[in-house]
Amino acid sequence: MYISKAFIPILKNNPSEAKIKSHQLMLRVGMIKQSSAGIYSWLPLGFKVMKKIEKIVREEQNKIGAQEILMPTIQSSEIWKESGRYDDYGDEMLRIKDRQNREMLYGPTNEELVTDIFRSSIKSYKSLPQLLYHIQWKFRDEVRPRFGIMRCREFYMKDAYSFDVSDEDAVYSYNKFFLSYLKTFKRLDLTAIPMAADTGPIGGNLSHEFVILAETGESKIFTDKRIFDLDSAGSVIDRKSLEDLRKKYEQFYSVTDEKFNKEEFEKEVLEENRLITKGIEVGHIFYFGDKYSKPLNAAVDLPGGKKDFVKMGSYGIGVSRLVGAIIEAKYDDKEEIMKWPFSVAPYELAIIPMINKNETSALDKVTNIFKHFESINIDTIIDDTDENLSSKIKKFNLIGVPYQIIIGKKSEGDLLEFKETGKDPQNLTIDQITKILTELKAKN
Ligand code: 5CA
């Protein structure tokens, strides 16, 4: 992509309406544009990042055997009346009438719809477990949409649903998602801590929120800080290994404010290990047994000839919120440097030609380098503007393009000036740069 042709409407200064750094940066570099309160258009830079996050989320869902489907955004009120949530959900649900005067709604979540899909086809325990997910827009008419895409009304969510024959199997499914969430957030270079949480309007009695630390987060959290030293390394998806993984995390006190109990906290956590802070909820998982399968009559035949309602869980990741969460974690707003993880950076490489545009041989060299990186699938942007070098570098630091090749005086002969954001430049050959970037790509 040539920057002169790109739709990247960068602003000179931070927009005054944005209160937190992710919102500031997203407006500043033109990742999003508000269309009405809590509703945003995603412009090329923002959309590229979100799609790369989505790809990682999808890969990790597929790895635990979840199958992707796509349900509509608009749902009929019928199934919500069956579950009893049509009234319970209240004003957060956007209700619509079609031309036949039928009551429809814009889905805030999909427990009912996916249960309806399940019950129409799956009749026997032999077809279980089933793990289904989709990645789709949701609408919640939040009372106070704020912080840009962090708490908005229309947002992009990965929601998965599990169906099992027994509580025991259902907890196994729950644990698969538990692991897959740890892996997903790790690939996004985020430390997301699972915390025992309330189930709210989704229901059930087992639930974890996955929270990353951030002063600007809306979740208040109380933890034993030793939980931050844990990770999922070595876990595989057999029952025992997953059970052990969850126990490993659950041995440390870690809850959101709805679950907080001062006495318990002080009894269980030594003073020096206590951490009370704020965080951003990037994912939330729930186990709720037959809360939906019973009223919606989703039952399967059991081995002995009896029937029973399936046991269900649901598992959400805020895909669009993650764009903001990564910025909160990685943006140095004083230096104005955004450090996207390589795997989700809007562009992986910027080529910055500082040459005389009338020199055709220099121009050819630039074009050839650009074509080379495009041909090996490095997401490359070339800066063909007349700005000076320092403002070009500032711009790419702000957008967050992790690697830059500066083609000017210091790129002589076979050597190119190659720079990683925030580090000193090095002179490398195109083959050496290719090796660095392709290895990074393979790792992600
Ligand atoms: N049905 C369940 C699991 S699929 C569910 O809806 N869970 S949820 O309500 O916790 O939402 C899942 C994730 O969506 C949250 O963890 C959060 O990351 C994201 N999310 C929820 N509400 C918003 C919002 N208003 N704006 C942006 N992201 C949101």
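Is Leu 349 buried or exposed? In this predicted model, Leu 349 counts as buried, because its relative accessibility is 0% and the limit for burial is under 20%. The residue sits in strand E19, which runs over residues 349–353. Its surroundings can be listed. Not counting residues up to four places away in sequence, Leu 349 touches Phe 373, Ile 378, Asp 379, Thr 380 and Ile 381. The list also includes Val 401, Tyr 403, Gln 404, Ile 405, Phe 418 and Leu 437. Phe 252 is placed elsewhere: its C-alpha atom is separated from that of Leu 349 by 41 Å. Along the chain these two residues are 97 residues apart.

The nonpolar cores come next. The largest one has 85 residues. Ile 53, Phe 185 and Trp 340 have the most contacts inside it. Helix H6, residues 167–187, gives this core its largest share, nine residues. A second, separate core has 24 residues, among them Met 93, Val 114, Phe 163 and Phe 286. Trp 340 shows how parts of the chain meet. Leaving aside neighbours within four places in sequence, Trp 340 is in contact with Met 31 and Val 49. Its other contacts include Val 323, Ile 326 and Ile 327. Ala 345, Pro 346, Ile 399 and Gly 400 are also in contact with Trp 340.

Helix H6 also holds Asn 175. This residue counts as buried because its relative accessible area is 4%, under the 20% limit. Beyond its neighbours within four places in sequence, Asn 175 is in contact with Leu 242, Glu 243 and Arg 246.

Which residues lie nearest the centre of the largest pocket? They are Arg 140, Arg 151, Glu 281, His 284 and Arg 321. The pocket has a volume of about 980 Å³, and 43 residues line it. By class, the lining holds 16 nonpolar, 14 polar and 13 charged residues. Four elements each supply at least two lining residues: strand E8 (154–164), strand E13 (274–289), strand E16 (311–318) and helix H9 (319–330). E13 gives the most, with seven residues.

The second largest pocket contains about 300 Å³ of space. Its lining has three nonpolar, two polar and seven charged residues. Ile 10, Leu 11, Lys 12 and Arg 28 are among the lining residues. So are Glu 335, Glu 336 and Glu 387. Helix H11, residues 389–399, supplies the largest share of this lining, five residues. Lining residues also include Ser 391, Lys 394, Lys 395, Asn 397 and Leu 398. Within H11, the buried residues are Lys 392, Ile 393, Lys 395, Phe 396, Asn 397, Leu 398 and Ile 399. Just after this helix, Gly 400 takes a positive phi of about 90°. Gly 400 is also one of the contacts of Trp 340.

Strand pairing can be followed around E6, residues 103–106. Strand E4, residues 74–76, pairs with E6 in the antiparallel sense over three bridges. Here Ile 74 has Tyr 106 as its bridge partner. Strand E5, residues 94–97, also pairs with E6 in the antiparallel sense, over four bridges. In this pairing, Leu 94 stands opposite Tyr 106. E5 and E6 form a hairpin, with five residues between them. Asn 101 lies in the turn and has a positive phi of about 70°.

Some backbone angles deserve a closer look. Most residues other than glycine have a negative phi, and most peptide bonds are trans. Leu 128 and Pro 129 are joined by a cis peptide bond, with omega about 0°. Pro 129 lies in the loop between helix H5 (111–121) and strand E7 (130–139). Phe 147 is not a glycine, yet it has a positive phi of about 60°. The residue belongs to the loop between E7 and E8. Phe 147 counts as buried because its relative accessibility is 17%, under the 20% limit. Asn 297 is another non-glycine residue with a positive phi, here about 55°. The loop between E13 and strand E14 (299–301) is its place. Asn 297 is exposed because its relative accessible area is 54%, over the 50% limit.

Terms used:
Residues are numbered from 1 along each chain as its sequence is written. This is a predicted model: local features need pLDDT of at least 70, side-chain atom pairs count only at pLDDT 80 or more; totals for chains, interfaces and linings use all residues. Side-chain values use heavy atoms; hydrogens and water are left out. A nonpolar core is a set of buried Ala, Val, Leu, Ile, Met, Phe, Trp, Tyr and Cys residues joined through side-chain atoms within 4.5 Å. Buried means under 20% relative accessible area, exposed over 50%, partly exposed in between (1.4 Å probe, protein chains only). Contact means heavy atoms within 4.5 Å. On a 1 Å grid over the protein atoms alone, a cavity is a set of points where a 1.4 Å probe fits but cannot get out, and a pocket is an open set with protein on both sides within 12 Å along at least five of seven lines; lining residues have an atom within 4 Å of a point. Grid points are joined across faces, edges and corners, and a volume is the space filled by probe spheres set on the points. Ala, Val, Leu, Ile, Met, Phe, Trp, Tyr, Cys and Pro count as nonpolar, Asp, Glu, Lys and Arg as charged, and the others, Gly among them, as polar. Two strands pair if DSSP finds at least two bridges between them.
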